[in-house]
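Dear colleague,

I am passing on a structure for you to look at while you read the notes that follow. Please keep it open beside this email, so that you can find each place as it comes up.

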Amino acid sequence: MANALLSDELVAFLLDDVIQLDRVLALPAFAGHSRETCDLFLGAARRLAREILFPAYGEMNRELPRFEGGRVQLHPRGRALYRQVVELGLLSASRPEAVGGAMLPMTVTAVATAYVMAANLGIQGLAGLTTGAARLIESFGDRDLRERFMRKMYAGEWTGTMALTEPQAGSSLSDVRTRATPAADGSYRIAGTKVFISGGEQDLSENIVHLTLARIDGAPPGIKGVSLFAIPKLREEEGRLVPNDVACTGVFKKIGWKALPSVQLTFGEAGDCHGWLVGEPHRGIAHMFQMMNDARLMVGLNGIASASVAYHESLAYALDRPQGRPLSARDPRAPQVPIIQHADVRRMLLRQKAIVEGGLGLLLRAAALTDLAEHATDETTRRESALLLDLLIPIGKTFPAEYGFESNTLAIQVHGGYGYTSEFLVESWWRDQKLNSIHEGTSGIQAMDLLGRKAVAAGGEPLRLFAAAVRSTLAEAETDLGEHGEALGRALDDLVATTGELAQRGLRGDAEAMLRHAADYMDAFSVLAVAWELLAQAIAARRATGRPAAFREGKRRACDYWFRTDLPHVAVTLARIRSGETSFAEAPVDCF
Ligand SMILES: Cc1cc2nc3c(=O)[nH]c(=O)nc-3n(C[C@H](O)[C@H](O)[C@H](O)COP(=O)(O)OP(=O)(O)OC[C@H]3O[C@@H](n4cnc5c(N)ncnc54)[C@H](O)[C@@H]3O)c2cc1C
């Protein structure tokens, strides 16, 4: 059975019956599109993902790119595959026509991207980084930068990177040291070292534009002294591209995402690295943060895509692999049964299904909120969508990374011993998945962002909006789903009360007591948010009488499973948070 990567039935159900894409398409900004044009785009993305990108994934993710003489050579198939992703129009699909885009809703491009991610993460990574870098120039660059860099990036001629991290500045970007010295021609001379820069060197595009954080000479210390620069690998001089003193000084030996090199870059060894300021001086982090929601949404999608493709692989294996007999079977000569017949294997499959489908629901909700926040016609909807989106983004990034990793582990477990070999792809997605809890802000940093900023922002309004949205779903959960509705309502009250209590600790100036259990808070909030998604899906499935009976049954089973297995933990976790227990936080360093 060919791996579907993502279930088409699920995607159609989420778009039509849960998110209601028609509401998004009704916005004037998307007047150029209809459900048919969206389907054409999604169909093309699916075909590319399934027929071209996925068959190349295994061999591309086996070996690291070659590094010789400062040059990185990608897998030989990389160039042609990347070209096809460009031709699909994925790089600028959600951008306005004025910058070469197709102005499709993010709700649709997120789905298309998820198929491509599930098929071949490395190739999509290069495309995603290029889009992210081009968007920074689109939003904050002047006309000259947009003409010189952004257009070529969206067109797929040049690629882009996000060059933030330095050896001493990973989670703490306020410690960036790369220097930018003003030059007479209005540009800057850049000097410094960046590490882990994905796509920072490769041989498939003519040029690479690094969107880089650096500190202008004399800038104030800390976050308020960091600026954003566009630094090309090759710069234009008299109509020619010449080297810009950007050296690739190493390739990291990563355990996954092997098709996409992550490299160390040294700027300005010869004092001749030219960079151009993007946006305002000293506002580099603020500019970056404006793009963070999109970037984190993409990492969340990576997580769900890696979990989804592995889920489908393990489902096919479980249907096919004969082993053992039912507990009730007495005759040892009776034929073995496929392992899906064993309850414990069905547990592992249903858990993966719940994580993938609940997580995808959450991310598509976030994508729809992005569309509403940017394009709704009334101010209140734009504002409330933006507030709710801000709250959901750290969860949409962290749940897929953390629970996705568990899901990928289960996919290996379903394969038994074969899953532990590199002959089967499940181990490869597991290695890919691990990165998602590290890049774009580690899970620990996301948890502090959720509790320390997002949940208590704007006088608690985002949390009130979240609670109102959940309660409107509860109102539809009567009859056979009423028991779940009541349980979710209790968990929600508990979460809101706990947040209030923690906020009080913060207001008293005790940030330590407020944030000590931020990771637990993230976990409880994530489980609750996914319970909400799975309940909304079960409610929608009840109504969707045109969908296959087995699909609707699957929605109900995933919801029942989550509500009976995971949701009950929320009360326990919240009680622990409120108790302020100090086992790890106050453990003296020398006791480890
Ligand atoms: C494969 C790969 C690709 C990458 N691609 C890019 C890229 O393209 N561009 C780019 O700029 N960067 C990239 N990165 C870098 C990535 O974003 C950083 O690794 C990440 O931000 C963490 O920084 P760090 O590695 O320095 O870890 P650290 O910041 O040292 O963190 C180590 C641990 O300490 C915890 N920690 C740190 N500070 C705190 C705190 N204040 N409170 C509580 N806990 C804390 C973290 O949560 C983590 O668990 C990539 C990394 C990898 C591995």
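Two strands are said to pair if DSSP finds at least two bridges between them, and this wording is needed for the first part of my notes. Please also keep in mind that what you have is a predicted model.

**The strands**

Strand β4, which covers residues 179–182, has two pairings that I would like you to follow. With strand β5 (residues 188–198), β4 pairs in the antiparallel sense over four bridges, and with strand β6 (residues 208–216), β4 pairs in the parallel sense over two bridges. R179 is a useful residue to start from, since R179 stands opposite A191 in β5 and also opposite R215 in β6. In the hairpin that β4 and β5 form, five residues lie between the strands, and G186 takes a positive phi near 95° there.

β6 also runs parallel to β3, to which five bridges join it, and within this pairing V209 of β6 is the bridge partner of G160. Are the two faces of β3 covered or open? Both are covered, with T159, T161 and A163 buried on one side and G160 and M162 buried on the other.

Helix α7 (residues 143–154) has F149, M150, K152, M153 and Y154 as its buried residues, and what covers them includes β3 and β6, together with α6 (121–140) and β7 (227–232). Just after α7, G156 takes a positive phi of about 85°.

**The domains and the ligand**

The protein chain is divided into domain 1 (8–154), domain 2 (160–281) and domain 3 (442–583). The C-alpha centres of domain 2 and domain 3 lie 40 Å apart, and each of these two domains gives at least three residues to the shell around the ligand. There are 19 residues around the ligand, of which L164, G170, S171, T442 and G444 come nearest. The elements that give two or more residues to this shell are β3 (159–163), β5 and α12 (443–452). By character, the shell is made up of nine nonpolar residues, nine polar ones and one charged one.

**The nonpolar core**

In soluble globular proteins, nonpolar side chains tend to be buried together. In this model, the largest nonpolar core has 184 residues, and V116, F229, L528, A531 and L535 are those with the most contacts inside it. Which helix gives the most to this core? It is α16 (residues 518–543), with 18 residues. If neighbours within four places in sequence are left aside, A531 is in contact with L488, W562, F563 and L567.

A529 also lies in helix α16. A529 has 23 other C-beta atoms within 10 Å, and it is therefore counted as buried, the cut-off being 20 or more. Not counting residues up to four places away in sequence, A529 touches L362 and I395. A529 and G358 are 171 residues apart in sequence, while their C-alpha atoms are 8.6 Å apart in space.

**Some single residues**

C273 is found in the loop between β11 (262–267) and β12 (274–277). Why is C273 counted as buried? The reason is that 28 other C-beta atoms lie within 10 Å of C273, where 20 or more are needed. Among the residues that C273 touches, not counting those up to four places away in sequence, are R189, I190 and A191, as well as I231 and F267. By contrast with these contacts, the C-alpha atoms of C273 and A519, which are 246 residues apart along the chain, are separated by 41 Å.

Most residues other than glycine have a negative phi. With that in mind, please look at two residues in turn. W257 has a positive phi of about 45° although it is not a glycine, and W257 lies in the loop between β10 (246–251) and β11. With 24 C-beta neighbours inside 10 Å, W257 counts as buried. A458 likewise has a positive phi of about 45° without being a glycine, and A458 is placed in the loop between α12 and α13 (461–474). A458 has 14 other C-beta atoms within 10 Å, and so it is partly exposed.

With best wishes

Definitions and conventions:
Residues numbered from 1 in each chain as written. Predicted model: local features only at pLDDT ≥ 70, side-chain atom pairs only at ≥ 80, totals over all residues. Near = placed C-beta within 6 Å. Nonpolar A, V, L, I, M, F, W, Y, C, P; charged D, E, K, R; others polar. Domains from an automatic or database assignment. Core = buried A, V, L, I, M, F, W, Y, C linked by C-beta atoms within 7 Å. Buried ≥ 20, exposed ≤ 12 C-beta atoms within 10 Å, placed from the backbone. Contact = placed C-beta atoms within 7 Å.
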